[in-house]
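Welcome! Please take a moment to look over the sequence and the 3D structure before reading on. The notes below walk through a few features one by one.

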Amino acid sequence: MTITITAFERSPDGGKGLARDTRVRWALEEVGQPYEVRLVSFQAMKQPAHLALHPFGQIPTYEEGDLALFETGSIVLHIAQRRAGLLPDDANARARAITWMFAALNTVEPPILELQNAVLLEHDKPWSEVRLPLVKDRVRDRLKQLSARVGDADWLDAGFSAGDLMMVSVLLRLRASGILDEFPSLTAYVARGEARPAYKRAFAAQFAINAGEPPTGSTVPIGR
Ligand code: GTB
């Protein structure tokens, strides 16, 4: 059955792979599942046809026969549960891998998004200079804890899983800030994720569409 995902017609990141379709592409590549991509413009995302798939008018979405999904975490979990390669067979190990997916999305990503908003959307506010160090320290607090857990291990639990896919994807959003470089074990962890052939294929596929600067003067919201 054909799987179709949606992605930005042109990602504002110019091909850095930070838009969330890269996470879904990576998951599909890890399990060896071919897929098609429907590119959507910001305008099209807010039209009824797309809103029927995604109530918040965003990408990515996932269609497979009668099934239509939104929310990257749910899509990656669905892929991981249906096909071998992203979740261990052992029930407890599987539950732990899923826990790491939630930890990535609910515990590690929120302060990173807060930082991104502070830098991109609030930099000209009078209070920005005072607030920014606080926001950065909240990110550092999380990374200290995560780094203590990862240590010298290759992956969060026994072997690479959907939990690592999500955590590496979340940490990649921090690269431009320089904060990730303060944590060598996490830098190495992210590099291991990026070195996976499936990640490379996913990155290349989105890069082929998005490479280059976003249109100048673009003020469209980029979502989270
Ligand atoms: N919770 C949803 C999920 O996990 O799927 C969030 C989806 C979401 O934020 N989608 C964004 C979107 O569609 C694209 S990924 N935005 C358009 C809109 O809201 O109108 C977020 C994103 C966008 C761009 C960059 N970038 O340019 O660096 C990074 C991340």
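Which residue forms a salt bridge with Arg192? The partner is Asp154, and the closest N and O atoms of the two are 3.7 Å apart. The pair joins distant parts of the chain, since Arg192 sits in helix α8 (residues 184-194), while Asp154 sits in the loop between α6 (128-150) and α7 (162-172). In sequence they are 38 residues apart. Keep in mind that this is a predicted model.

**Salt bridges**

- The structure has 16 salt bridges in its count, and the one you just met is a good place to begin.
- Arg192 has a relative accessible area of 24%, so Arg192 is partly exposed.
- Asp154 is partly exposed too, because its relative accessibility is 45%.
- Another salt bridge is formed by Glu109 and Arg20, with 3.5 Å between the closest N and O atoms. Glu109 belongs to helix α5 and Arg20 to the loop between β1 (3-8) and α1 (21-30), so this pair ties together parts that lie 89 residues apart in sequence.
- Are Glu109 and Arg20 buried or exposed? Glu109 counts as buried because its relative accessibility is 2%, and Arg20 counts as buried at 17%.
- Arg20 and Glu109 also belong to a network of salt bridges that links them with Arg23 and Arg173.
- The side chains of Glu122 and Arg131 meet in a salt bridge as well, at 2.8 Å from N to O.
- Why does Glu122 count as buried? Its relative accessibility is 18%, and buried means under 20%. Arg131, at 24% relative accessibility, counts as partly exposed.

**Aromatic rings**

- How many aromatic pairs does the structure hold? There are 8 of them. In one, the rings of Trp155 and Phe160 have centres 5.0 Å apart and planes at 75°, so this pair is edge-to-face.
- A pair of aromatic rings is described by two things: the distance of the centres and the angle of the planes.
- Both partners are buried: Trp155 has a relative accessible area of 12%, and Phe160 has a relative accessibility of 13%.
- Trp155 and Phe160 are part of a cluster linked by ring pairs, together with Trp26, Tyr189, Tyr199, Phe203 and Phe207.
- Phe160 has a further partner in Arg196, which lies over the face of the ring at 3.6 Å from the ring centre.

**A patch on the surface**

- Which residues make a nonpolar surface patch of about 280 Å²? They are Val119, Leu120 and Leu121.
- Val119 lies in helix α5, which covers residues 91-120.
- With a relative accessibility of 39%, Val119 counts as partly exposed.

**Around His54**

- His54 lies in the loop between α3 (48-51) and β3 (61-64).
- His54 counts as buried because its relative accessibility is 2%.
- What does His54 touch, leaving aside its neighbours within four places in sequence? His54 is in contact with Ile59, Pro60, Thr61, Phe70 and Glu71.
- His54 and Leu69 are 15 residues apart along the chain, and their C-alpha atoms are separated by 7.7 Å.

Notes. Residues numbered from 1 in each chain as written. Predicted model: local features only at pLDDT ≥ 70, side-chain atom pairs only at ≥ 80, totals over all residues. Heavy atoms only, no water. Patch = residues over 30% accessible without salt bridge, like charges linked within 9 Å, V, L, I, M, F, W, Y side chains within 5 Å. Areas by Shrake-Rupley, 256 points an atom, 1.4 Å probe, with all protein chains shown as cover. Salt bridge = Lys/Arg side-chain N within 4 Å of Asp/Glu carboxyl O. Helix = DSSP H or I, 4+ residues; strand = E, 2+ residues; numbered from the N terminus. Buried < 20%, exposed > 50% of the residue type's maximum accessible area, 1.4 Å probe, protein only. Phe/Tyr/Trp six-rings, centres within 6.5 Å; stacked < 30°, edge-to-face > 60°. Lys NZ or Arg CZ within 6 Å of the ring centre and 35° of its normal. Contact = heavy atoms within 4.5 Å.
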